[in-house]
Amino acid sequence: MGSDTGKESGKDTAKKKRGPGRRAVLLGGGAAVLGTAVVAREDLARLWWRLPWMDKPRTDGELDHKAAEWTAAHQANWRRADRPDDYPVDRVVIHVVQGSYASALKVFRNPLHQAATHYVVRKDGHVAQMVRELDVAFHAGNRKMNERSIGIEHEGFVDRPEDFTAEMYAGSARLTADICRRYRMPVDREHVIGHVEVEGTDHTDPGPHWDWDRYMELVRRERAKLPA
Ligand SMILES: [Zn+2]
């Protein structure tokens with residue numbers, strides 16, 4: 001589960017590193033800007049949100065994974081960002097709630113919890129999205145991993161293999177395949193990892209009963225159905 005109290009909630013000193021090349025064109029020396037006025041105007045129309053004082057346009061309730069249902073986590077449990085422009089996204093982190101789907105939604109809405117994942121998958125395969133993928137959710141207990149990853153919680157307990165239903169694996173695999181497609185991430189165990197594999201963590205989820213071979217095969221199959 002994503003209970004990483006304190007590790008992400010402190011001062012935000014991480015340097016943002018978004019598209020210096022592009023910004024140099026837009027905001028660089030006068031001669032360069034004038035010389036490429038037409039291109040710059042087109043870029044500006046398309047890339048205005050990359051300017052330092054702008055955020056990407058965002059609509060409350062907008063989904064990144066179309067099959068999900070939006071239900072917002074509390075803002076204290078994530079940090080506003082502009083991924084993948086400020087931080088490239090190249091990891092999916094698999095968690096198990098150690099509780100029910102409802103309990104995960106409840107704690108992620110609690111401002112005191114100081115943790116949330118982007119998604120929560122229910123035993124029947126239903127997916128809730130709680131944090132936009134643009135933003136950094138506090139789920140891995142490791143700032144760098146949070147910045148580069150998308151976190152997925154799964155209803156159930158690590159010591160109850162019967163909690164990991166076929167429907168849950170299937171819904172989660174469709175989600176992970178969609179994420180891998182959108183960020184051009186290879187479907188392998190280097191990019192799709194368990195919370196237990198995050199450097200410095202003391203969490204053990206998804207635990208020994210999570211069937212990685214079965215899950216990765218499902219993700220590969222779902223990925224093959226999607227456009228390149
Ligand atoms: Zn976890």
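## Exercises around helix 6

Right after helix 6, Arg184 adopts a positive phi of about 50°. Helices here are DSSP runs of H or I with at least four residues, strands are runs of E with at least two, and both are numbered from the N terminus. Heads-up: this is a predicted model, where local features need pLDDT of at least 70 and side-chain atom pairs count only at pLDDT 80 or more, while totals for chains, interfaces and linings use all residues. Residue numbers start from 1 along each chain as its sequence is written.

**Exercise 1.** Check the span of helix 6 and work out whether it is enclosed.

*Step 1.* The expected span is 1.5 Å times one less than the number of residues. For the 17 residues of helix 6 that should give 24 Å, and the end C-alpha atoms are 24 Å apart, so the two agree.

*Step 2.* Now count burial: a residue is buried with 20 or more other C-beta atoms within 10 Å of its own, exposed with 12 or fewer, and partly exposed in between, with C-beta atoms placed from the backbone. In helix 6, 12 of the 17 residues are buried, so the rest of the structure largely encloses it. Among them are Met168, Tyr169, Arg174 and Asp178.

*Step 3.* Find the packing partners, using contacts (C-beta atoms, placed from the backbone, within 7 Å). The buried residues of helix 6 pack against strands 3, 4, 5, 7 and 8, plus helix 7. Fit axes as lines through C-alpha atoms, for helices over the stretch in contact, with angles from 0 to 180 degrees between N-to-C directions; helix 6 then runs at about 175° to strand 7.

**Exercise 2.** Find which element supplies the largest share of the largest nonpolar core.

*Step 1.* A nonpolar core is a set of buried Ala, Val, Leu, Ile, Met, Phe, Trp, Tyr and Cys residues joined through C-beta atoms within 7 Å. The largest one has 50 residues, and Ala116, Tyr119 and Val120 have the most contacts inside it.

*Step 2.* Elements that each supply at least two residues include strand 3 (91-94), strand 7 (149-154), helix 6 (166-182) and helix 7 (212-225). Helix 6 takes the largest share, with 7 residues.

**Exercise 3.** Place strand 3 in its sheet.

*Step 1.* Two strands pair if DSSP finds at least two bridges between them. The open sheet has 6 strands in the order 1-5-4-7-3-8, with mixed pairing. Strand 1 (69-70) and strand 8 are the edges, each pairing on one side only.

*Step 2.* Strand 3 and strand 7 are parallel, with 4 bridges; Ile94 partners Ile152, and Val93 partners Gly151. Strand 3 and strand 8 also run parallel, joined by 3 bridges, with Val92 bridged to Val192.

*Step 3.* Check the side chains: Arg91 and Val93 point one way, Val92 and Ile94 the other, and all are buried.

**Exercise 4.** Which side of helix 7 is buried, and what covers it?

*Step 1.* The buried residues are Tyr215, Leu218, Val219, Glu222 and Arg223. Taking directions from the helix axis to the C-beta atoms, they cover an arc of only 135°, which puts them on the same side of helix 7. An α-helix has 3.6 residues a turn, so residues three or four places apart point the same way.

*Step 2.* Asp213 and Ala224 are exposed on the other side of helix 7. The cover over its buried residues includes helix 6 and strand 8.

**Exercise 5.** Is Glu199 buried or exposed?

*Step 1.* Glu199 sits in the loop between strand 8 and helix 7.

*Step 2.* Glu199 has 9 C-beta neighbours inside 10 Å, so it counts as exposed.

Terms used: Contact = placed C-beta atoms within 7 Å.
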